[in-house]
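Let's take a walk through this model together, going from its ligand surroundings to its core and its strands. Have the viewer open as you read.

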Amino acid sequence: MAADERPPGQLNPQEALRQGHWVKLICGASNQDLPAITDLCAVYGAAGIDCVDVAADPAVVRAARQGLQWLDQNGLARPWLMVSVSDGSDAHFRKAWFDPARCPVDCPRPCQRVCPAEAIAAVGSVDELRCYGCGRCLSSCPLGLIEERDHRLGSDAIAEQLAAMRPDAVEVHTAPGRGDAFDALLAELSAAGVPLQRLAVSCGLEGHGITPSALAQELWRRHSSLRRWGFSPLWQLDGRPMSGDVGAGTARVAVQLWRRMRPLAPPGPLQLAGGTNASTVQLLRADERPAGVAFGGMARRLLMPLIHEAQSRGTSLRHWSEGWQAGLELARSLVEPWRRRPGMEHSC
Ligand code: SF4
Ligand code: SF4
């Protein structure tokens, strides 16, 4: 099967967006756990996702491409590769850091317990490659030793990096009041000369103290910029600023944001994100059809125990048949309910 062909019943990503069946895996805008990223791309790709969204980091992109090439080699459809950048300070592009020499020897290490990425071990500091900046550990230290550090790609490096990485799509994390910075970033992206299938815009309400109509105004301004630079939009509505929560409450916030923004947002597909999980699809009424969904922290956590188990056996999930089957079932449990929903035409 050629790389751009789909198995029976699987739409190509553009068509999936148009019909409301789009599913994206967010590997994390600052996640650099390379072996895990390769396995995540392979297993969610095999489960039928349309896009993998990774950090704009050449090593991460290489790891993701390895997973996508594995799909090609096994006759499976390859999802789009999207990289994430930001037009300003953003929690998705941070990492935690502390100096372990300052930690008391008898500290019970609450920071280690709260970390969902196993980025803090029993000794030492934060494993920078595994940390994806969720922020849970920041307030866990009784001595306040943990700080956050910015890991954004400098805007002067974006055009060059993008030209080297050649993704299928880019996501720009933006925030209210950053219209000029967004425009400047689009100029950089355009200068890279890489044809993009979509330019996703990631934004939400939480933490910005604005109303849905004010957010809509911001999105309309971004829409004008996208048109000016000739990019096709994809609106990623973040219910929560980070996607790593699993409760039904966070899923509800994401669905509510989509409901509020649907009549206000500019043209283009509206996709749910930020707090999405397995409950999300059940919260939608039968007549409610967002263009799709992005799964982040929850999707990663679902698979990480198996990926770590494979690593402890000295292999990868892709090369451990029993683990692969179990992982594929888990990934499908998240993806297939979105495939089974009745389709609906979206203007794209
Ligand atoms: S808790 Fe979150 S921010 Fe802290 S080290 Fe783990 S992944 Fe990074
Ligand atoms: S909780 Fe604070 S003091 Fe304890 S190990 Fe973590 S960073 Fe160090």
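## Around the two ligands

By class, 11 nonpolar, two polar and one charged residues make up the shell of ligand 1. This is a predicted model, so please read everything below in that light. In total, 14 residues surround ligand 1, and the closest of them are Ala 96, Cys 115, Cys 131, Cys 134 and Cys 137.

For ligand 2, the shell consists of nine nonpolar, one polar and one charged residues. If you would like to select it in your viewer, the surrounding residues include the cysteines Cys 103, Cys 107, Cys 111 and Cys 141. Also around ligand 2 are Phe 98, Arg 109, Pro 110, Ser 140, Leu 143, Leu 145 and Ile 146.

## The nonpolar cores

In soluble globular proteins, nonpolar side chains tend to be buried together. Here, the largest nonpolar core has 90 residues, and Tyr 44, Val 52 and Ala 64 touch the most other members. Which helix gives the most to this core? That is helix α2, spanning residues 34-46, with eight residues.

Tyr 44 is a handy place to start exploring. Leaving out residues up to four places away in sequence, Tyr 44 touches Leu 25, Ile 49, Val 52, Ala 299 and Ala 331. Apart from the largest core lies another core, of 12 residues, and Ala 96, Cys 111, Ile 120 and Tyr 132 are among them.

## Strand β1 and its partners

Strand β1 covers residues 22-28, and seven of its seven residues are buried. On one pairing, β1 joins strand β10 (residues 292-295) in the parallel sense over four bridges, with Trp 22 standing opposite Gly 292 in β10.

β1 also pairs with strand β2 (residues 51-55), again in the parallel sense and over four bridges. In this pairing, Ile 26 stands opposite Asp 53 in β2. Following the chain from β1 through α2 to β2 traces a β-α-β crossover, and this crossover is right-handed.

## Strand β6 and its partners

Strand β6, residues 169-173, is mostly covered too: five of its five residues are buried. In a regular strand the side chains alternate between the two faces of the sheet. How do the residues of β6 point? Ala 169, Glu 171 and His 173 point one way, while Val 170 and Val 172 point the other way, and all are buried.

Five bridges join β6 to strand β3 (residues 80-86), and the two run parallel. Across that pairing, Ser 84 stands opposite Glu 171. Strand β7 (residues 198-204) is likewise joined to β6 by five bridges in a parallel arrangement, and Val 201 in β7 is the bridge partner of Val 172. Between β6 and β7 the chain passes through helix α6 (residues 179-191), and this β-α-β crossover is right-handed.

## A look at Arg 260

Arg 260 is found in helix α8, which spans residues 248-261. Is Arg 260 buried or partly exposed? Arg 260 counts as partly exposed because it has 17 C-beta neighbours inside 10 Å, whereas a buried residue needs 20 or more.

To get a sense of distance, try drawing a line from Arg 260 to Ala 164. The two are 96 residues apart in sequence, and their C-alpha atoms are 38 Å apart in space.

Methods
Residues are numbered from 1 along each chain as its sequence is written. Chains are lettered from A and ligands numbered from 1 in the order in which they are written. This is a predicted model: local features need pLDDT of at least 70, side-chain atom pairs count only at pLDDT 80 or more; totals for chains, interfaces and linings use all residues. A residue is near a molecule or strand if its C-beta atom, placed from the backbone, lies within 6 Å of it. Ala, Val, Leu, Ile, Met, Phe, Trp, Tyr, Cys and Pro count as nonpolar, Asp, Glu, Lys and Arg as charged, and the others, Gly among them, as polar. A nonpolar core is a set of buried Ala, Val, Leu, Ile, Met, Phe, Trp, Tyr and Cys residues joined through C-beta atoms within 7 Å. Two residues are in contact if their C-beta atoms, placed from the backbone, lie within 7 Å. Two strands pair if DSSP finds at least two bridges between them. A crossover is right-handed if, with the strands pointing away from the viewer, the path from the first strand over the helix to the second runs clockwise.
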